[in-house]
Structure formats: structure tokens, C-alpha cells
Amino acid sequence: MPAVRILLLSDTHIGFDSPRRERVVRRRRGPDFQASFERALEPALRREVDLVVHAGDLFHRSRVCARVAEEGLGPLRAVAERGVPVFLLPGNHERSRIPFPLFAAHPNLHVFHEPTTFVPVVRGVRVAIAGLPYVRRVGVAFRRELWRTRFHESPADVRLLCLHQAIEGARVGPAEFTFRPGRDVITGADLPSAFDAVLVGHIHRHQVLTHDLRRQPLPAPVFFCGSTERTSFAEEPETKGALHIEVRPGTSPRWRFLPLPTRPMRTIPLVGGPGALERLRRALAGCPADAVVRIALQGAGAPPSSAEMRALAPSMNLSLSFGRDRR
Ligand SMILES: [Mn+2]
């Protein structure tokens with residue numbers, strides 16, 4: 001049997017820094033998020049994969065205007081229109097439901113409005129794709145919600161489980177925070193052995209888990225593709241991208257990370273008070289022209305005004321953080 005080729009992306013956060021009305025005219029990051037999302041889908045538009053899974057947080061907010069809804073759902077519809085089925089899971093940023101569901105109306109675009117299992121046949125292979133929208137207190141609810149997908153009822157050659165949750169052993173942030181079993185975390189031991197691969201959003205750092213924290217092997221690899229753009233400075237050193245996963249019935253999956261070009265992030269310290277603007281100008285001269293910059297204010301002196309700082313580097317995004325570098 002041929003391998004099933006899957007494009008996994010998640011956490012595109014469409015609508016991030018994309019206000020309906022601009023109170024301040026400055027460079028916005030919304031277009032970066034849109035560009036990364038659309039770039040991540042290119043292998044599907046070229047029909048290099050058999051199906052696409054978006055594992056949640058398509059949108060940054062649960063309430064979006066029609067323009068943002070179309071910016072998120074339009075590109076997925078375009079992939080569906082090319083004949084590549086798309087499976088979309090609502091995340092926590094969507095409050096577990098996709099806004100403007102009519103914008104998702106396409107026979108090839110499947111939304112996990114509730115725990116369910118879709119069984120498309122691709123290249124002659126029956127693929128059961130079980131998924132559940134983001135659930136709170138998943139540490140308690142997981143078994144019950146998983147059962148609601150009825151994943152065990154459909155005969156299939158390949159079985160995938162799609163989630164938007166934290167899973168034991170996942171790591172995030174500069175301090176390597178590690179998710180441990182608890183109220184909001186799925187434990188490795190709770191993952192059933194029925195699946196060939198577990199495809200997960202929510203954790204913004206790309207990683208693949210094969211063992212739990214007790215070093216017990218997981219029944220299937222757990223794939224986090226990570227976000228397609230950096231939503232916070234906790235993601236500063238991370239490479240962003242999507243995952244190409246191949247599952248041949250009866251064998252272990254193979255995968256390849258598909259990196260995306262994203263704008264560089266920089267944190268620069270700045271001592272406030274007299275001369276701060278000139279010190280900032282010199283520091284920004286050492287940053288790439290399109291950098292997303294966090295200015296970590298130090299000492300008791302005042303920072304320059306926002307307008308003064310923006311005028312120094314109109315092609316960058318600048319934000320101020322107070323106190324010592326918080327990391
Ligand atoms: Mn997210």
C-alpha cells in the first residue's frame with residue numbers, strides 16, 4: 001500500500017495584530033502571520049501531500065470580523081478546491097469553535113465541530129482521522145472525549161489522532177518548561193495504542209515526542225509542528241514551520257520539518273533617562289531592518305516616548321518591557 005502524505009500545521013493565529021481600525025499607524029505583524037500561513041500551505045497547493053491537518057488556533061481570537069474569517073478560511077478552502085482534503089480542529093483561541101462556519105463550507109474542508117472521526121480514502125488507503133476540539137481540564141476529560149470520536153468503530157488502514165492540547169513531556173520557552181501530568185495535560189499513558197500518529201497543536205515549539213517522562217515509549221509518535229509565526233518572545237530562538245509526515249500502513253511514520261522564513265526577533269536592553277533615545281538608535285542600528293524588537297528597560301530613568309521610538313525604526317516592530325530582562 002502507498003504511504004499517506006500529510007501536511008500538518010497549527011497555531012497560525014490569523015488576526016494577530018490586525019486591528020479593524022488603526023488608532024496608531026505603525027508596522028503591523030498581521031501580514032507576517034498571513035504570509036507564513038499561506039506559505040505553509042504551498043506544498044498542498046502543489047499537491048505534494050494527500051491531506052492537510054490544521055491542528056487548531058487557526059485564528060488568534062474567538063471573535064473575528066468577516067475579513068479576518070476569510071483570511072483564515074479562504075486559504076484552506078483554496079487547498080480543498082485543489083482536491084486535497086483539509087481537516088481543521090478548533091483550538092483554545094477559537095474557544096473550541098470555528099467562527100463564520102459558512103466560510104468553511106466546502107465538501108473537502110472538514111471541521112471537527114465536536115469529537116468525531118472522518119474516514120477519507122486517499123490513494124486507495126482508508127485513513128481514519130479522529131479529532132476533538134480543544135477541551136478544558138483534558139487531564140480529567142480526555143478518555144471520555146476520545147471515546148466520543150468513535151475512533152474504534154471505523155475500519156481503516158491508517159489511524160491518526162488530532163488534538164489541540166498539552167501532552168506530558170512537551171517543552172516550551174527559554175526556561176524549558178516541561179508539561180507534567182495534571183489537570184490540563186494528557187499523560188502519555190492515556191494515549192491509546194490504536195493510532196499510527198498523534199498530530200497536535202497548542203504547543204508553539206516544534207517537537208516530536210516518542211517517550212513519556214518516565215521514559216516509557218509512547219504508542220505512537222506525537223507530532224507538534226509548532227506555530228507558523230512567533231506569537232511571543234518566549235519563541236524568540238525557535239525556527240517556525242510545518243511538518244510533512246508519511247504514514248505507510250503497518251510501518252512507523254517518517255517526517256520532515258518544513259521551515260518557514262519568519263522575521264527575526266531581538267531583545268535589547270536599554271537604560272532609561274537622558275540620552276536613552278540615542279542609545280536606542282545605536283542599538284537598533286545593529287538589528288536587522290525587519291526585526292521584531294523587545295526593548296528591555298533598565299534602571300529608573302524614563303524611556304523615550306512610543307512615537308519617538310517608532311520614528312527611529314519604522315520598518316521594525318518595537319515593544320517595551322519593564323524591569324530587568326524577564327527571562
Ligand atoms: Mn496557539
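Strand 18 (residues 265–271) and strand 19 (residues 292–298) run parallel to each other and are joined by 7 bridges. Two strands are said to pair if DSSP finds at least two bridges between them. One spot to look for is Pro-269, which faces Ala-296 in strand 19. From strand 18 the chain passes through helix 5 (residues 276–285) to reach strand 19, a β-α-β crossover that is right-handed. Right-handed here describes a clockwise path from the first strand over the helix to the second, with the strands pointing away from the viewer. Helices (H or I, at least four residues) and strands (E, at least two) are DSSP runs, numbered from the N terminus.

A word on the model before going further. It is a predicted model, in which local features need pLDDT of at least 70 and side-chain atom pairs count only at pLDDT 80 or more, while totals for chains, interfaces and linings use all residues. Residues are numbered from 1 along each chain as its sequence is written.

**The whole chain**

The secondary structure adds up to 6 helices and 20 strands. Along the principal axes, the C-alpha atoms fill a box of roughly 70 × 45 × 30 Å. The radius of gyration is 21 Å, which agrees with the value near 20 Å for a compact globule of 327 residues. That radius is taken over C-alpha atoms, and the globule rule is 2.2 Å times the number of residues to the power 0.38.

Of the 327 residues, 43% count as buried. A residue is buried if 20 or more other C-beta atoms lie within 10 Å of its own, exposed if 12 or fewer, and partly exposed in between, with C-beta atoms placed from the backbone. Among contacts with a separation of 6 or more, 71% link residues 24 or more positions apart. Contact means that the C-beta atoms of two residues, placed from the backbone, lie within 7 Å.

**Two domains**

The domain assignment splits the chain into domain 1 (4–259) and domain 2 (265–321); such bounds come from an automatic or database domain assignment. The C-alpha centres of the two domains are 35 Å apart. Domain 1 brings 6 residues to the contact and domain 2 brings 9. On the domain 1 side, the residues that touch domain 2 are 1 nonpolar, no polar and 5 charged. For these classes, Ala, Val, Leu, Ile, Met, Phe, Trp, Tyr, Cys and Pro count as nonpolar, Asp, Glu, Lys and Arg as charged, and the others, Gly among them, as polar.

**Strand 1 and what surrounds it**

Strand 1 (residues 4–9) has 6 of its 6 residues buried. Val-4, Ile-6 and Leu-8 lie on one side, with Arg-5, Leu-7 and Leu-9 on the other. Strand 1 pairs with strand 16 (residues 241–247) in the antiparallel sense over 5 bridges, and there Arg-5 has Glu-246 as its bridge partner. Strand 1 also runs parallel to strand 2 (residues 51–54), with 4 bridges between them; here Leu-8 is partnered by Val-53.

In helix 1 (residues 30–40), the buried residues are Asp-32, Phe-33, Gln-34, Ser-36, Phe-37 and Ala-40. Their cover includes strand 1, helix 3 (66–81) and strand 16.

The loop between strand 1 and helix 1 holds Ser-10. Ser-10 touches His-54, Ala-55, Gly-56, Asp-57, Gly-201 and Cys-225, leaving out residues up to four places away in sequence. Asp-11 lies in that loop too.

**Four residues to compare**

| Residue | C-beta neighbours within 10 Å | Class |
|---|---|---|
| Ser-10 | 32 | buried |
| Asp-11 | 26 | buried |
| Val-127 | 25 | buried |
| Glu-176 | 8 | exposed |

Val-127 sits in strand 7 (residues 125–131). Beyond its neighbours within four places in sequence, Val-127 contacts Val-4, Val-119, Pro-120, Val-122, Ala-156, Val-158 and Leu-160. Its C-alpha atom is 6.1 Å from that of Asp-157, 30 residues apart along the chain.

Most residues other than glycine have a negative phi. Asp-11, however, has a positive phi near 50°. Glu-176 likewise has a positive phi, about 55°, and is found in the loop between strand 10 (171–172) and strand 11 (177–178).
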